[in-house]
Amino acid sequence: MSAPPLDDVSTRETPAATRWSVVPLLRRLHFYAGILVAPFLVVAATSGLLYAFTPQIDDLLHGDVLTAASTGAPRPLAEQVSAAQAAVPDGTVTGVLVGEADATTQVVFSAPGLAEEHSTTVYVDPSSARVQGRLTTWFGSTPVTTWLDGLHRNLNLGETGRLYSELAASWLWVISLAGVVLWLARQRKARRRTLVVPEKGAKGVRRTRSWHATLGMWTLIGALFLSATGLTWSTYAGENFAAALTALNAKAPTLDTELSGHGDHGGGGTAPSDPATFDRVLGSARAAGLDGPVQITASSDAAWTVAQVDNTWPVRLDKVAVDPSTAAVTARADFADRPLLAKLSSYGIQAHMGRLFGIANQIALFLLAGAILALIVLGYRMWWQRRPTRSDRRAPAGTAPQRGAWQQLPLWFLVPAPLVLIAIGWAIPLLGLSLIAFLILDATIGAWRRRTTKRPEALTTTD
């Protein structure tokens, strides 16, 4: 569950009913985490939903350059690269993407005046070698995909903005699991059917809570998946994840592009100025078994890299290094040889982006993002429905669960809790820091309210 369900039992239960229980603490945590983190989740879910459909958006906005205008046997890459070079005379070819049969060939250039990590990409009809257009791209992404990717990752604010997405991913699993435990605790004496089906005949806040909770139960696995995969490439938690993979020797092996000992050039490479080199390198990669769409990356001082770029199941992500002078394959790195954790990480990231299973993956992400947004709306609706309405104590929203829930924690929970919190705080730093900040703020507000409550009593006693 990814938004703030508010349990209206917290202030009416007797001490005996909640003593030695983690439920009051989880209720308060779920309440405040949902209230404060939900806006971040709204942005993440909405932007992620849009990004998942970037293939369709690209076809709509840039179909004239992405889709080949004619059909037939492809011309040699040398002709296609030469046509692209004529369109960008001041650029240097850094790579070529050979796509599907109906896609244009993408010739990538580095050129003066481009922003960091950006390139000029020329789109060439492979059958006619005619240039269909050019775009400024970021790692091969069109301008609209680049913008949506930046919106989802960092609100297009750079490294500072990445904190928003990491904060949302850090708290999503906490909110989800806490919500499930609260719902299971509430329904422990009810029929099992009510765990995953909204309660019939319920009205008001009870009806809203039932819909929120059952929808959260259905969404749980997907929410945990988005949280885990989102954290793998976040700034701080992502670094810890990469360090863990390295320690476990579970990272994908890097492709060796050194040329020492290969050919007669003494280890030097071949500058990508001769378009015919692309045909030789591509031919060697095809002979080595790299079928489907491939990305050729040129180098002037190392072997050229040819990498499969098909992320649709079953994925094709093998790579080979090719000596551009001799067209000999000098090294390869196959996806099948990656450690299991590296494979799972790759699968997870591609599924998170909506690429792994094609349109089915996109539909699943659409439903999941829609469910998260609905949970947030229902959570805030419960907050509003539980507001005091009496004329002498009206309020715009419901009251928060009472403080002091930690005093009701059982010993089995209290003893390991500090070590668990330290471990989680190390692995997911933003979660730990934001939790500490909240605890300090909450304690300060609580102390201030107790002080202001006691002050009138002291004045009355003095009088």
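In this predicted model, the second largest pocket has a volume of about 1200 Å³. Its lining is made up of 40 residues, and those nearest the pocket centre are Leu25, Leu29, Phe413, Leu421 and Leu435. Two or more lining residues come from each of helix 2, helix 6, helix 13 (411-414), helix 14 (417-427) and helix 15. The top contributor among the elements is helix 15, with 13 residues in the lining of this pocket.

Turning to the nonpolar cores, the largest comprises 28 residues, and Leu41, Trp171, Ile175, Leu226 and Ile372 have the most contacts inside it. Helix 2 (23-52), helix 6 (162-186), helix 8 (204-232), helix 12 (359-385) and helix 15 (429-462) each supply two or more residues to this core. Helix 2, helix 6 and helix 15 thus appear in the list for this core and also in the list for the lining of the second largest pocket. A second core, separate from the largest, holds 23 residues, among them Val96, Phe278, Val294 and Ile296.

| Nonpolar core | Residues in core | Named members |
|---|---|---|
| Largest | 28 residues | Leu41, Trp171, Ile175, Leu226, Ile372 |
| Second, separate | 23 residues | including Val96, Phe278, Val294, Ile296 |

On the surface, a nonpolar patch is formed by Val42, Val43, Leu155 and Leu157, which together have about 290 Å² of accessible area. Val42 belongs to helix 2, an element that also gives residues to the largest core and to the lining of the second largest pocket. Val42 is classed as partly exposed because its relative accessibility is 31%, and that class lies between the buried limit of under 20% and the exposed limit of over 50%.

Technical notes. Residues are numbered from 1 along each chain as its sequence is written. This is a predicted model: local features need pLDDT of at least 70, side-chain atom pairs count only at pLDDT 80 or more; totals for chains, interfaces and linings use all residues. Side-chain values use heavy atoms; hydrogens and water are left out. A nonpolar core is a set of buried Ala, Val, Leu, Ile, Met, Phe, Trp, Tyr and Cys residues joined through side-chain atoms within 4.5 Å. Buried means under 20% relative accessible area, exposed over 50%, partly exposed in between (1.4 Å probe, protein chains only). Helices (H or I, at least four residues) and strands (E, at least two) are DSSP runs, numbered from the N terminus. Patches are made of residues with over 30% relative accessible area and no salt bridge: like charges are joined within 9 Å, nonpolar side chains (Val, Leu, Ile, Met, Phe, Trp, Tyr) within 5 Å. Accessible areas come from the Shrake-Rupley method with a 1.4 Å probe; for residues, only the protein chains shown count as cover. A salt bridge is a side-chain nitrogen of Lys or Arg within 4 Å of a carboxyl oxygen of Asp or Glu. On a 1 Å grid over the protein atoms alone, a cavity is a set of points where a 1.4 Å probe fits but cannot get out, and a pocket is an open set with protein on both sides within 12 Å along at least five of seven lines; lining residues have an atom within 4 Å of a point. Grid points are joined across faces, edges and corners, and a volume is the space filled by probe spheres set on the points.
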